[in-house]
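Good morning, colleagues. Please take a moment to look at the sequence and the structure on the screen before I begin.

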Amino acid sequence: MSKLSHIDDKGEARMVDVSEKATTSRRAVAEGFITMQPETLALVETGEAKKGDVIGAARIAGIMAAKKTHELIPLCHPLAITKATLDFELSKSPPGIRVTAEVKVSGPTGVEMEALTGVSVACLTLYDMLKAADKTMTIEDIRLVEKTGGKSGTFKAPARSKGR
């Protein structure tokens with residue numbers, strides 16, 4: 001197992017010093033899935049959810065969360081993000097919404113946490129916007145799908161099994 005970069009020789013938490021790291025183009029993609037009853041999904045499809053444009057609200061929330069990750073995750077660096085997008089794919093089987101975030105930066109550290117935070121907050125926003133109709137929703141399978149750039153190079157997660 002490799003040494004954890006956020007732990008010093010004394011075992012104490014620390015922010016990684018990136019001052020000597022090369023500035024490179026970096027990209028991360030993360031995804032998550034929120035399950036819901038078919039009737040709840042129908043509210044999203046028809047735009048009849050009581051709180052309005054659920055997807056629009058979740059998209060803005062996810063972008064804002066990606067930009068503010070350093071304020072939420074204690075040892076993350078503040079980054080000048082150059083791109084943050086959130087995409088939503090409605091699924092009939094299983095009923096729910098797949099959320100995908102893509103985040104880019106040109107800098108000395110990656111944007112994996114920003115993509116994961118964007119997906120997480122977007123899913124939480126969907127829950128908040130739809131909870132009056134369906135309290136059985138679950139947020140599942142949040143994961144890093146891909147990352148490029150930096151010293152460690154490219155990472156691609158294995159494909160998901162059919163269904164999710």
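I shall discuss the sheet, the helices that pack on it, and then the charged side chains.

Please bear in mind throughout that this is a predicted model.

I begin with the sheet. It is an open sheet of five strands, ordered β2-β3-β1-β4-β5, and the pairing is antiparallel. The edges are occupied by β2, residues 83-92, and β5, residues 155-156; each has a single partner strand, so one side of each is left without a neighbour in the sheet. The partner of β2 is β3, residues 95-107, and the two are joined in the antiparallel sense over 10 bridges. As an example of the register, L90 has I97 in β3 as its bridge partner.

Next, the helices. Helix α1, residues 38-46, lies across β2 and β3 and runs at about 130 degrees to β2. Helix α4 lies across β1, β2, β3 and β4, and its direction makes an angle of about 25 degrees with β1. Helix α2, residues 54-67, has 14 residues and spans 20 Å from its first C-alpha to its last, close to the 20 Å expected. Its buried residues include V54, I55, A61 and A66. The buried residues of α2 pack against α1, α3, β2, β3 and α4.

I turn now to charge. Which residue is buried yet has no salt bridge? That residue is E114, and the nearest side chain of opposite charge, R26, is 10.0 Å away. E114 is found in helix α4. Leaving aside neighbours within four places in sequence, E114 is in contact with A66, T69, H77, L79, I81 and V103.

Elsewhere, charges are paired: the structure holds 10 salt bridges. E102 forms one with R27, with the closest N and O atoms 2.6 Å apart. This pair links distant parts of the chain, E102 lying in strand β3 and R27 in strand β1, 75 residues apart. E102 counts as buried because its relative accessibility is 16%, whereas R27, at 23%, counts as partly exposed.

A second example joins E146 and K156, at 4.0 Å from N to O. Here E146 belongs to strand β4 and K156 to strand β5. E146 is buried, with a relative accessible area of 17%, while K156 is exposed, at 60%. Salt bridges that share partners join R27, K83, E102, E146 and K156 into one network.

Finally, K131 forms a salt bridge with D128, the closest N and O atoms being 2.4 Å apart. K131 is partly exposed, at 32%, and D128 is also partly exposed, at 32%.

Methods: Residues numbered from 1 in each chain as written. Predicted model: local features only at pLDDT ≥ 70, side-chain atom pairs only at ≥ 80, totals over all residues. Heavy atoms only, no water. Helix = DSSP H or I, 4+ residues; strand = E, 2+ residues; numbered from the N terminus. Buried < 20%, exposed > 50% of the residue type's maximum accessible area, 1.4 Å probe, protein only. Lys, Arg positive; Asp, Glu negative; His and termini not counted. Contact = heavy atoms within 4.5 Å. Pairing = 2+ DSSP bridges. Axes fitted to C-alpha atoms, helices over the stretch in contact; angles between N-to-C directions. Expected span 1.5 Å × (residues − 1).
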